[in-house]
Amino acid sequence: MAIVATAAVRRPQEQQKPATAAAPAAAPNPPKPLKKQRRPPPAADAQVERGHAQFTASCAFCHGADATGARAPDLLRSPIVAHDVKGNMIGDVVHNGRPDKGMPALPLDDDQIADIAAYLHWRIAEGLSSSEVPQGYPAEKLLTGNAQAGKAFFEGAGGCTNCHSATGDLANVSGKYSAIDLEAQMLYPEGNFRTAKVTLASGEVVEGKLNHLDEFSVAVTDANGWYHAYPRKEVEVEVTDKLAAHRAMLDKLTQKQMHDLFAYVHTLEKEGQ
């Protein structure tokens, strides 16, 4: 199939009107995203049931009935729980306690701790399987970091100011999103932020938003709304992805840095702050 540069898309058996500068050709409608399939919740076996009962009796008073935190931290977001295997890391905390944080040692045996670990891992899996996280999820449960440390990271080692501004694109950002949506946007930003510079054999250069790129073709929409498509073998293509640095940074962020950064971004409530 021939690929035509600066081509307007038409539906089958529908007469195509010529494109003009006043009415530029429309870009093709992108395919609708696939409907997200909800992952079935994990089954709760006998060990999970025992762990739930033991957790309720020994841990829920401080860590909350659902393990999402109360007087003590949210265990579903705990690095120790995340890296635990059958109680090997939780056990040390339970046996020795954390006197500096007000947690006493608990007289539980290894089997009881393994049951609690199984319950906590089940709760994490249950949360991941659900697509019904409430929009009103309290910000306080997410604000576990230090805002001042987050600001220092934002303005320094994180390199965030290379692309963002607290008084520009991020002004009032926490007023535009719920707390949980704001954190999701930071971790998994949505949208197409890729642009492309296409150089034709004639030397002409076309730049714009990258709509499509594979080994056979490339398509961009320029600043005037014109849609351009070319055979890949006939042009040179340079792609710029504004999210590349963001994704690279996320791979290196520690949980503490992420929590601190979120705590700072969440303070950006007013325009011009």
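Phe-55, Tyr-119 and Trp-122 come together as one aromatic cluster, and that's a handy way into this predicted model. The protein contains 10 helices and 5 strands, and 33% of its 273 residues count as buried. Below is a quick tour of the aromatic pairs, the salt bridges, a buried arginine and helix H10.

**Overall picture**

- If you look at contacts between residues at least 6 apart in sequence, 59% of them join residues at least 24 apart.
- The accessible surface adds up to about 17800 Å², and carbon and sulfur atoms own 54% of that area.

**Aromatic pairs**

- The structure has 3 aromatic pairs. One of them joins Phe-55 and Tyr-119, with ring centres 5.5 Å apart and planes at 45°, which makes the pair tilted.
- That pair bridges distant parts of the chain: Phe-55 sits in helix H1 (residues 46–58) and Tyr-119 in helix H5 (residues 110–129), a gap of 64 residues.
- Both partners, Phe-55 and Tyr-119, are buried.
- Trp-122 belongs to the cluster with these two.

**Salt bridge between H1 and H5**

- Side chains carrying opposite charges can pair up when their charged atoms get close.
- The structure has 2 salt bridges. In one of them, Asp-115 pairs with Arg-50, and their closest N and O atoms are 3.0 Å apart.
- Asp-115 is in helix H5 and Arg-50 in helix H1, so this bridge ties together parts of the chain 65 residues apart in sequence.
- The two ends have their own exposure classes: Asp-115 has a relative accessibility of 10%, so it counts as buried, while Arg-50 comes in at 45% and is partly exposed.
- Helices H1 and H5 are thus linked by the Phe-55 and Tyr-119 pair as well as by the Asp-115 and Arg-50 bridge.

**A buried arginine in H5**

- Arg-123 is another residue of helix H5.
- Arg-123 counts as buried because its relative accessible area is 13%, and the cut-off for buried is under 20%.
- Setting aside neighbours within four places in sequence, the contacts of Arg-123 are Asp-66, Thr-68 and Leu-76.

**Helix H10**

- Helix H10 covers residues 255–265, and 8 of its 11 residues are buried, so the rest of the structure largely encloses it.
- The buried residues are Met-258, His-259, Asp-260, Leu-261, Phe-262, Ala-263, Tyr-264 and Val-265.
- Their cover includes four helices: H6 (147–155), H7 (173–176), H8 (179–187) and H9 (244–252).

**Salt bridge inside H10**

- Asp-260 forms a salt bridge with Lys-256, where the closest N and O atoms are 2.6 Å apart.
- Asp-260 and Lys-256 are 4 residues apart in helix H10, so about one helical turn separates them.
- Asp-260 counts as buried because its relative accessibility is 6%, whereas Lys-256 is exposed, with a relative accessible area of 53%.
- That puts a buried residue, Asp-260, and an exposed one, Lys-256, at the two ends of this bridge.

How values were computed. Residues numbered from 1 in each chain as written. Predicted model: local features only at pLDDT ≥ 70, side-chain atom pairs only at ≥ 80, totals over all residues. Heavy atoms only, no water. Phe/Tyr/Trp six-rings, centres within 6.5 Å; stacked < 30°, edge-to-face > 60°. Helix = DSSP H or I, 4+ residues; strand = E, 2+ residues; numbered from the N terminus. Buried < 20%, exposed > 50% of the residue type's maximum accessible area, 1.4 Å probe, protein only. Contact = heavy atoms within 4.5 Å. Salt bridge = Lys/Arg side-chain N within 4 Å of Asp/Glu carboxyl O. Areas by Shrake-Rupley, 256 points an atom, 1.4 Å probe, with all protein chains shown as cover.
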